[in-house]
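Q: Hey, can you walk me through this one? I'd like to start with a word I keep tripping over, then look at the structure itself.

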Amino acid sequence: MAKNLVIVESPAKAKTINKLLGKEYVVKASMGHVRDLPERSLGVDLEKNFTPQYVAIKGRAKVVAELQDLAAQAENVYLAPDPDREGEAIAWHLREALRGKGTNDKFMRVTYNEITAPAIRKAFEQPREINQRRVDSQQARRILDRVVGYKVSPMLWRRVPGASSAGRVQSVALRLVCEREKEIRDFQPIAYWVLGVRAAKQVEPRDPFTATLAKLNGEKADVKDEALALRLMEELKQRTLRVADVVKKEIRKSAPPPFITSSLQQAASGALGLSPSRTMRIAQKLYEGINLGRGSASGLITYMRTDSFTVAQEAIEQARAYIDQTHGADFRPETPNVFRNRSSAQEAHEAIRPTDPSRTPAELKDLLDRDDWRLYDLIWRRFIASQMAPARIAQRTAELEAIGGADAGPDTFLFRATTSEIVFPGFMRVSGLEQRKKKQAAHASEDPEADGPLPPLQKGEVLDVVEWLNDRKETQPPPRFSEASLVKVLEENGVGRPSTYAQIISTLLGRKYVAREKRILVPSDLGMKTWDFLAANLEALFDVQFTAGMEEQLDEIEEGKTAWTNMLSVFYEKFSAWMSAARGPAADAAVVEKMLAVLEPVTEWQPPVSRGGKTVYSDEKFVASVQRQFAEKKRPISGRQQDALSRLLFRYQAQAPGAKDLIESLNLVIPEEEIERAKPPRQETTEKLALLENVAFDPPRQFGKKIYDDQDFCTSLRTQVESGRRLSPAQIAYLDKILRKYSKQIPDFDQQASALGIEGEPQAADGQIPAVLALFDSVKEWRPATTSKGRTWDDREFLASLKTQFEQRQQLSFKQVSALKRLAVTYASQIPDYAEAKQRLGLPEPRAPRKKRKTSENE
């Protein structure tokens, strides 16, 4: 057993660092956090200074036990998770879990911004203590998030059907998306007119060029009236065109800064089409390292969760040497380029850059998968460009005046046309901008309908008018957010941190609050309803500026300017007031006491509402819970609870002798739902249930933690009807769905469905479905089933379930057909004539096969 134990988060990182450190060290992975707040309780003692109650994470017991054994035998334990707050917290939790009753003496913290031999050696030469202030900052964030989620989410579940959770930062991102959507829906376009001219020289070169009206009567041209536009056009037809001036100037365009997390996610989305979460997964791989052959391994980029533009001096010198050698001294500025950080940036971190600037993308093309290589290429080019000289661009602007005699009208017109040309590319040589501009120019020259570039012009030169232009346009609503633009707005507003941007968007997508449509984020109806509720009840909590202020306070905890418990105390006082207001006014305690006393004699309660064998609501249990709450007096009864009790007075009036008098004394009015509930079951409901009496139901199905049992559900509906209670509209809708599902077992179903008003489901098109299902007959090798978060994904079982459903109903939903077609592309290599089927059935393009890595014989 080596005397030095090193603990990192991931096996890939452990493998690379193990190669770099050698045999004197054992490097193990903790697989992330080993302790956290409990899943099923708040886990924070609000009465005792917000003391967190940490528990071992489920599934980590074996890992922790192994690490405990190794730590007990080791002389030194190096805690080497990532160099940010989350990494510092992981290190602290590891120490607390591994030290037992011993001291902290053998536990040391090491940090590094890149996984290379020099960086790792330097880190292990300079171990330090765990930064408790940084741990406290992360702890405060975790508790904030837990308190908000744990307290707000249940309120959301009760008020917004289908809503799954609220989050301190996630709900602010949802706010931005939903408020932008409302802006778009409320937008009223305004028409305006753009006037211009196609002009040409009277001598060669005579290729026409276009100029746009810039000034009208000495003011900025702003034509918002069609009659004015038409009058000006008539006036221009009486004019000739003359060059009023030609303005030449040279523009210096400075190099961009190297990437930070947010700008990398934005650039990868725009240039490579990668989502933020995909970008971060690839960046993680590049950071953790690859095998370079001949036994060597190295990380390819620095740590990818950063908001700092700081760059190590050694890396700057390497980049400048590369620029000198490859492009020449003209492309290297006299002094290195330095970029100013935001005030909140953690300057101890570096920007995202290649660990070795001399390792060009071309050298790695055969070692990396396609997307991995493309992201490395993007990072490498941006970093090298950031240390290059500014580009110089010559800009020429021609100002043209429309002149005429006294009968040509009183207005003055000034048109402008501008062209630019790269004089010196500077950083654009590496960034790709120079090449893109050349391609654009080449495409323009090949287009016979495109206007030519601005020709050489002289002041006072008279030009030919080829055509006066009048283009009606409309103002456009603000665009919906893409994932990249949402990240940009979050960063600009100080909401979230580099480590959270991708997760925020993934959470919104996972909760079905937004959908991704061609890389654009569109809020769902559920997302809009969720935000409407939060805006109406807790708008201040999810205010953008308030959330940004909380991030600043977390920074202050790390800087030692404030204690984490003080910050939480101030927050919780505000939060409690907001939650009390959201719950509504407290109930009248005297009235609640009378209602509970009147309901005391009730013995025959209506059957509880059950789903999947689990009781989800019971009148009897609700009254009992209010009685306990009233007796304990720890929490006031809410107005909503009082309203619910008043409904029960009407529902159980026959068993509660004092109910009628209390209803009259309180001037209560029977709610519409109770009037509806009091009606007998509908005749067609009884007939629908009768159709299912001889049906052989499918076995119960489990999705995650939920069990769906058709037979159990129908039995509960039959019990409700037999007790004389009418079904709700939602229950009837689901009953109709079950009837459609088992229609093949019901004689004359179509005729009976029509008589009972059972409508068909919206179905996905046509006769394509059998053809798509038939494609899978040739598939012999299936992907292994995978399990994630309690759910098992099995392609073969999924296909079988769709076939069974189609045989039963002769239809699939649009979402099911879409999923079926996506599954087809996974097995495209086993489907004969896939290219022809793709055209005929609208299937996706097959994915390009991944490149096999070349390995050295000595590896």
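A: Sure. When we say two residues are in contact, we mean they have heavy atoms within 4.5 Å. Also keep in mind that this is a predicted model.

Q: Okay, so with that in hand, what covers the buried residues of H16?

A: The cover includes four helices, H6 (170–186), H8 (261–272), H9 (276–288) and H15 (483–492), plus strands S18 (514–517) and S19 (520–523).

Q: And how many of the residues of H16 are buried?

A: Seven of the ten, and the helix itself spans residues 501–510. The buried ones are Tyr501, Ala502, Ile504, Ile505, Thr507, Leu508 and Leu509.

Q: What follows H16?

A: Lys512 follows H16, and its phi is positive, near 65°.

Q: Switching topic: which residues have the most contacts inside the largest nonpolar core?

A: Val152, Leu541 and Phe542, in a core of 77 residues. Helix H5 (residues 132–159) gives the largest share of this core, nine residues.

Q: Is there a general idea behind cores like that?

A: Yes, in soluble globular proteins, nonpolar side chains tend to be buried together.

Q: What is Leu541 in contact with, leaving aside its neighbours within four places in sequence?

A: Leu541 is in contact with Val148, Val152, Phe546, Thr547, Phe571, Phe575 and Trp578. There's also a second, separate core of 63 residues, and that one includes Leu274, Ala283, Met304 and Trp380.

Q: Now the strands. In which sense do S15 and S16 pair?

A: Antiparallel, over ten bridges, with S15 at residues 391–403. Glu401 stands opposite Leu414 in S16.

Q: And how many bridges are there between S10 and S16?

A: Four, again antiparallel, between S10 (residues 209–216) and S16 (residues 413–424). Here Leu414 in S16 is the bridge partner of Lys215. So you meet Leu414 in both pairings: with Lys215 and with Glu401.

Q: Last topic, pockets. What volume does the second largest pocket have?

A: About 720 Å³. It has 27 lining residues, and the closest to its centre are Asn113, Glu114, Ala119, Lys122 and Glu350.

Q: Which helix gives the most to that lining?

A: H4 does, with four residues. Helices H4 (117–125) and H10 (313–327) each supply at least two.

Q: How do the residues of the lining divide into nonpolar, polar and charged?

A: The lining of this second largest pocket has ten charged, nine nonpolar and eight polar residues.

Note on methods: Residues are numbered from 1 along each chain as its sequence is written. This is a predicted model: local features need pLDDT of at least 70, side-chain atom pairs count only at pLDDT 80 or more; totals for chains, interfaces and linings use all residues. Side-chain values use heavy atoms; hydrogens and water are left out. Two strands pair if DSSP finds at least two bridges between them. A nonpolar core is a set of buried Ala, Val, Leu, Ile, Met, Phe, Trp, Tyr and Cys residues joined through side-chain atoms within 4.5 Å. Buried means under 20% relative accessible area, exposed over 50%, partly exposed in between (1.4 Å probe, protein chains only). On a 1 Å grid over the protein atoms alone, a cavity is a set of points where a 1.4 Å probe fits but cannot get out, and a pocket is an open set with protein on both sides within 12 Å along at least five of seven lines; lining residues have an atom within 4 Å of a point. Grid points are joined across faces, edges and corners, and a volume is the space filled by probe spheres set on the points. Ala, Val, Leu, Ile, Met, Phe, Trp, Tyr, Cys and Pro count as nonpolar, Asp, Glu, Lys and Arg as charged, and the others, Gly among them, as polar.
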